[in-house]
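Please look through the structure below with the sequence at hand, and then follow the paragraphs, which take up a sheet, a helix and a contact between chains in turn.

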Amino acid sequence: MIRLIGRRVLLTVPTLLGVLVVAFLLLQVAPGDPVTAMVGERADSATIARLRAELHLDDPLPVRFGHYVWGVVRGNLGRSYITQRPIAQDLRERFPKTAQLALAAMALAAACGITLGVLSAVRPGGAFDRLAMLASYVGVSFPVYWVGLLLILLFAVALRWLPPAGSGGLAYLVLPAVTLGMRSIAFLARMTRAAMLDVLSSDFIRTARAKGLSEGRVVLRHGFRNALIPVITVLGLDTGNYLTGSILTETIFGWPGLGRYVLAAIEKRDLPAVQGSILFMSLVFVAVNLVTDLCYAKADPRIAYD
Amino acid sequence: MRALRVTALAALVATTSCGSGPGGRADSARLTYYETYDPRSLDPALSTDVPTGEMVTLAFDGLTQFDADARLLPALADRWTVEGGGRRYVFHLRTDVRFHDGTRLTPATVRRSLLRVLSPATRGGRAWPLYPIAGAEDYAAGRASDVPGIQVLGDSCVAFDLTQPLAVFPKFLAMPVTAIAPAPPPPDLGQRPVGTGPWRFVAWQHDDYLLFAKHAGYWGGAPAADTLLVRILPEPLTRAAEFEAGRLSVLEVPFGETARWRQRHPELLVEKPALRVVYVALNNRRGPLRDVRVRQAINHAVNVPEILATVYGGRGILARGAIPPALPGSDTARAGYRYDPPEAKRLLAAAGYASGIDLQLLRNASNIELARVAQAVQAQLGPVGIRVELVERDASSQREAARAGRTDMVILDWWADYPDADNFLYPLFYSGSFGPGGNYAFYSDPLTDSLILRARRTTDDAARVALYRQIDERVYRAAPWLYLWFPKDLWARRADVRGWEIPVIFNGQRWTGARRGSAGHPRLPGP
């Protein structure tokens, strides 16, 4: 296990370097200029030229990339061109908010999605199964934007049970977590159901039943445990996605997370902020993948990594 | 696995249970406003956009200021005199002004604060309101170590020597970028501002909210409310929901919802013409658009009143010139280009384009209303033979292309920085303002140039206004734009909010008179 972790951590270095190169080059190719956002709607060419020079925007590409990588290696993500704040501090402020929303959405998705999937698989084709699968079909199909606004109109404006937007206590978390988690609930339910159906028709399940085990024990201990692998895959992927920010949900609910931060940085061509965020997100993704792999090994000891 | 699950849950509980949001409480002494995105900074030197400028206006003062109707008022300076035929301004400072940290405002503070805005090390990018001062541009470019044009006179006056007479200079000093910060500034001025303004900074959660408390010792009298919460809410429909849930004091009515709000909440609505103009810049140096007849044809081919009424919710006044009606120098009686497709076709044919022309029109997705207007313009230009390709860009690349002159047409709006016709002529039509300076139409006319410069130097107001009218008329006939309209702002104000009116210029609302009373019986202001 330790060797596995060590090797994965080492592999992270070339991954991150690749991410840095791609992010850097893409931002160079994209039209737009960070200085236009710094000077506002009315400026003179002399100021623009001076700012470009001060930010080394006119230096050759390899030189600029070298400078940036050297900064990153020393643990310095630089300062935003626009706000002049340190990028690392910005990320430190946003990430806990994003993590809070992501974990809430995933907890909700895991609890509801897996339950729905398992219950559907117990009696495939039954009334519950059909209803649950219809609901999950609808859940996968509805756009996040539309669901978010509908939830706000219903629970915040009409019923006044929950605040429409902002961040704070638990009440603020409910609507964005449901909005964000809904697709995962639906997807997980379908995934769990399919995996369970597959497993429940295996020989060892018949054996377990023949031994006289209760149906609950058969389904949960023997069936579910063996159906876990695809479920963990989906959980891991979605967690990785959500932990790196969810632009639509954060925008609708005014949630101060990473997604909005990156979007604003891209809109203003705030190069250090975009690069720093992408680097950070890649790190998060790599970490989530590592945890997912460890979960595989835990769920199914047959999976050997060496 | 179990350990992981437990820590994840613990983290979730820990992060969700601490503190209730600032938007939650609704005490009567609190007002709640919003911005659509997080301000850049709270450092006046960095105020290059509207949210930053509005927030700087709460915590800081300039030597002068605008009220909600954009009248120029004294602020840190209680009066000023003009000498040397308009080349020298002497500002007399109030003697009772203190910063939020208790330090006294002195003329030396004013001088050092303005030098900091100009200093290349500040990287502000928007020091142009100070450039008329002798020596300022050299200092900003790093060619000089001082600005001789800013002088401290005695213990209560600051004098400015300008490179040439400039009638609008006192208005430049009301812009957020020239607001006065302590000198030397506190270590983190941009994050924890210390100003002289009516609102004292309390907290800033980025992308979430800013919180201000009233500055009890404000020279202009403490604000009527105790606290002002400014939330960051990017989505218009969410903002509307927040207002309807009673959690915002005021709200700009979303464009798509204009009719519904007029019908459902007429008693809450307030409306006022803004110092803003919406137009399509026609690139006067490119292709068929070089011909004035083609540009006039475009103005005849588009049914602007219809687009205004249908696409823009009727929230505007038709533009027959670039100077908004509220400003001296505008001419509301001017004969405009009437909607007349046959005339448009005739003009096109006369210009040698009887078989039509192909043009691109740039729009950007972050301004949905203007993007829709662009579509309507495209549809109306088609029948007269002007085939328009809509090009959708994001705001940054649209601006870059337009500034470089690489576009045929681009739909834009122009917000006043200072309430003066000069702000709608010098940046937009002076040939020295090409591209980044604001002249996106690349309109160039030597006589217009000389008239604009003469108006800037003219100190007699009546003569200046007459010049503005003449310039606007001359430019209008040359049709460098497709003239659209001057927007009217439509806001909803909660029934219990008093003493707040729509500012016609973005930094004209300081929230000092605003307060919350009972909806039915307006509370009398206290002693």
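Two strands are said to pair if DSSP finds at least two bridges between them. With that in mind, and remembering that this is a predicted model, one can begin in chain B, where strand 4 and strand 5 run antiparallel and are joined by 6 bridges. One of the residues involved is Ala77(B), whose bridge partner in strand 5 of chain B is Leu93(B). These two strands of chain B form a hairpin, with 4 residues between strand 4 and strand 5, and in its turn Gly84(B) has a positive phi of about 60°.

The hairpin belongs to a wider arrangement. Strands of a sheet pair through backbone hydrogen bonds, and they may do so in a parallel or an antiparallel way. Here, in chain B, 4 strands make up an open sheet with antiparallel pairing, and their order across the sheet is 4-5-7-6. Strand 4 (77–83) and strand 6 (150–153) of chain B are the edge strands, since each of them pairs on one side only. On average, and with direction ignored, neighbouring strands of this sheet are turned by 20° against each other.

On its other side, strand 5 (residues 88–93) of chain B is joined by 5 bridges to strand 7 (residues 157–161) of chain B, and these two strands also run antiparallel. Within this pairing, Phe91(B) stands opposite Val158(B) of strand 7. Helix 3 (residues 107–118) of chain B packs on the sheet, where it touches strand 5, strand 6 and strand 7 of chain B, and the direction of this helix makes about 170° with that of strand 6.

Chain A offers a helix to consider. Which residues of helix 13 of chain A are buried? They are Leu258(A), Gly259(A), Arg260(A), Tyr261(A), Val262(A), Ala264(A), Ala265(A) and Ile266(A). Because 8 of the 10 residues of helix 13 (residues 258–267) of chain A are buried, this helix is largely enclosed by the rest of the structure. Its buried residues pack against helix 5 (87–122), helix 12 (247–252) and helix 14 (271–299) of chain A. Just after helix 13 of chain A, Arg269(A) takes a positive phi of about 55°.

Finally, the two chains touch, and their contact takes 57 residues from chain A and 51 residues from chain B. On the side of chain B that touches chain A, at least two residues each come from helix 1 (2–17), strand 10 (227–232), helix 6 (236–244) and helix 12 (395–403) of chain B, and helix 1 of chain B gives the largest share, 6 residues. The residues of this side of chain B divide into 18 nonpolar, 19 polar and 14 charged.

How values were computed. Residues are numbered from 1 along each chain as its sequence is written. Chains are lettered from A and ligands numbered from 1 in the order in which they are written. This is a predicted model: local features need pLDDT of at least 70, side-chain atom pairs count only at pLDDT 80 or more; totals for chains, interfaces and linings use all residues. Axes are lines fitted to C-alpha atoms, for helices over the stretch in contact, and angles run from 0 to 180 degrees between N-to-C directions. Two residues are in contact if their C-beta atoms, placed from the backbone, lie within 7 Å. A residue is buried if 20 or more other C-beta atoms lie within 10 Å of its own, exposed if 12 or fewer, and partly exposed in between; C-beta atoms are placed from the backbone. Ala, Val, Leu, Ile, Met, Phe, Trp, Tyr, Cys and Pro count as nonpolar, Asp, Glu, Lys and Arg as charged, and the others, Gly among them, as polar.
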